[in-house]
Amino acid sequence: EAQAWGRPEDEQASRGEGGAAAAAAAGAATAAEAQAWGRPSPSPSHSHHHAEAGGDGDGRAADRVVVLASSSSTKTVTTTTKRTTMSIRASTTRTPTTTEISIRTRTDTSTLTTTTTSTELDLSEGATLFCFSVMQALTYELDLFRTGLARGVGIFACDDWSVFSDLEVWLTPGPPVMINATVLKTNIMAKNGIKEHILNSQIFMEAWDVILKEGRYLKQKWVVKIDPDAVFLPKRLGLTLKKLSPKGDEQLYLINCKLSFGFYGALEVFSSLAIQTYGKQKVICMNELPYKEIGEDLYMKQCLDLLGVQQRTDLTILADEYCGAKAGECHSQEVAAFHPYKNTYTYFNCLEQAHDGAVPADVVPADA
């Protein structure tokens, strides 16, 4: 203590009486302070080691108050530490001996805020879709696409889309701009086949080549090929796909029909990763599959199976007369595509049914 106060040790030794008095006073003060803090009084033989009345010799806090304020995302912890320090100074230069005791109290407050972010998949927004169709320009199909684009429905409600045609035709003259169909450099009039009613694999292989070259499909999670005469509700399909594969990071295609080979061409659904695999290895399919003798839907199924792409089954996404659905009924709230509807009246009547969930009395047969 003498050294701490800047006095020679021999001077303190010569004043032993004053030092003893200081030690005694220190012990008494420490005992009183300990009692005030609710701790047992230190033993007399160790009282001079307790320099901080608020804690033990290692300086730990004597009192701690913790306040918690929490929510689902943020937790704030406020810690208040009260530290009391006692300094003792004994003076023997005055008579009688005087002992000065100084008690200082310091309050430290620190705040720790922890924010926890919980990320959950939002199933209220559907998966993103790149959609495309191939049409014959000199048929009813052009009227369906022009009306659909004007109303922003069907394929034109997808996140991105392409319409392929055998002729250069406009889908909208504008304003603001004219939009034309993409012309395929092949004869779109497919031949009738023995195994299938139409041999159109080569037509769609060219469409796939354009899609792969442009690469726009990679910006969306799923790729959808839709027939022109299929009443299509992209939002419904997107919600179904989000539940089926929340992240959309799998190589998949969907079985959609309970008849025949199970993959009907009115609505073909692929993950973008599956189409990317097809693009990289399509030459394997061309070398091993008889694509000139089969339709494009069977060819794509056999090709993806050959390349190891996985399949899932969802028979609710397509209501097709060729798969057992009743023609003219479009009131289901689950189905994403109804087929076939080959004129603007039956097409948009079906679309209205699908949105309303009701069956109007004047439903026109699908083949009208």
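## Helix 3, helix 4 and some local oddities

The buried residues of helix 3 pack against four elements: strand 4 (129-135), strand 5 (160-165), strand 6 (170-172) and helix 8 (344-356). Bear in mind that this is a predicted model. The mean pLDDT of the chain is 75, with 60% of its residues at 70 or more. Below you'll find the shaky stretches, two helices, a cavity and a few residues with something unusual about them.

**Where to be careful**

- Residues 84-88 have a pLDDT below 50, though the model gives this stretch 28 contacts beyond near neighbours in sequence.
- Residues 90-99 also stay under 50 in pLDDT, and here the model has 19 contacts beyond four places in sequence.
- Where pLDDT is low, the predicted coordinates shouldn't be read in detail.

**Helix 3**

- Helix 3 covers residues 140-151, and its 12 residues should span 16 Å at 1.5 Å a residue; the end C-alpha atoms sit 17 Å apart, which agrees.
- Its buried residues are Glu141, Leu142, Leu144, Phe145, Gly148 and Leu149.
- These buried residues are on the same side of helix 3, because they cover an arc of only 160 degrees around the axis.
- Ala150 and Arg151, on the other side of helix 3, are exposed.
- Right after helix 3 comes Gly152, with a positive phi near 70 degrees.

**The cavity**

- Searching the whole structure for cavities of 30 Å³ or more turns up 1.
- The largest cavity holds about 100 Å³ of space.
- It is lined by 13 residues, and the closest to its centre are Phe145, Gly154, Ile155, Pro228 and Tyr347.
- Helix 3 gives the most to this lining, with 3 residues.
- Phe145, then, is on the list of buried residues of helix 3 and also among the lining residues closest to the centre of the largest cavity.

**Helix 4**

- Helix 4 (residues 201-214) has 14 residues and reaches 20 Å from its first C-alpha to its last, close to the 20 Å expected at 1.5 Å a residue.
- Buried here are Ser201, Ile203, Phe204, Met205, Glu206, Ala207, Trp208 and Ile211.
- On the strand side, the buried residues of helix 4 pack against partners including strand 4, strand 5, strand 9 (222-226) and strand 12 (267-271).
- Their helix partners are helix 6 (272-288) and helix 7 (296-306).
- Gly215 follows helix 4, and its phi is positive, near 75 degrees.

**Two cis bonds in one loop**

- The Gly174 to Pro175 peptide bond is cis, with omega near -5 degrees.
- The bond from Pro175 to Pro176 is cis too, with omega near 5 degrees.
- Pro175 is in the loop between strand 6 and strand 7 (179-180), and Pro176 is in the loop between strand 6 and strand 7 as well.

**Two exposed residues to look at**

- Ser260 has a phi near 55 degrees, a positive value in a residue other than glycine.
- You'll find Ser260 in the loop between strand 11 (252-255) and strand 12, and it counts as exposed because its relative accessible area is 74%, over the 50% cut-off.
- Gln310 belongs to strand 13 (residues 310-313).
- With a relative accessible area of 51%, Gln310 is exposed.
- Gln310 and Leu252 are 58 residues apart in sequence, yet their C-alpha atoms are 5.0 Å apart in space.
- Leaving aside residues up to four places away in sequence, Gln310 touches Gln251, Leu252 and Tyr253.

Conventions
Residues numbered from 1 in each chain as written. Predicted model: local features only at pLDDT ≥ 70, side-chain atom pairs only at ≥ 80, totals over all residues. Heavy atoms only, no water. pLDDT = per-residue confidence, 0-100. Contact = heavy atoms within 4.5 Å. Expected span 1.5 Å × (residues − 1). Buried < 20%, exposed > 50% of the residue type's maximum accessible area, 1.4 Å probe, protein only. Arc of directions from axis to C-beta. 1 Å grid on protein atoms, 1.4 Å probe; cavity = no way out; pocket = protein on both sides within 12 Å on 5 of 7 lines; lining within 4 Å. Points joined across faces, edges and corners; volume = space filled by probe spheres on them.
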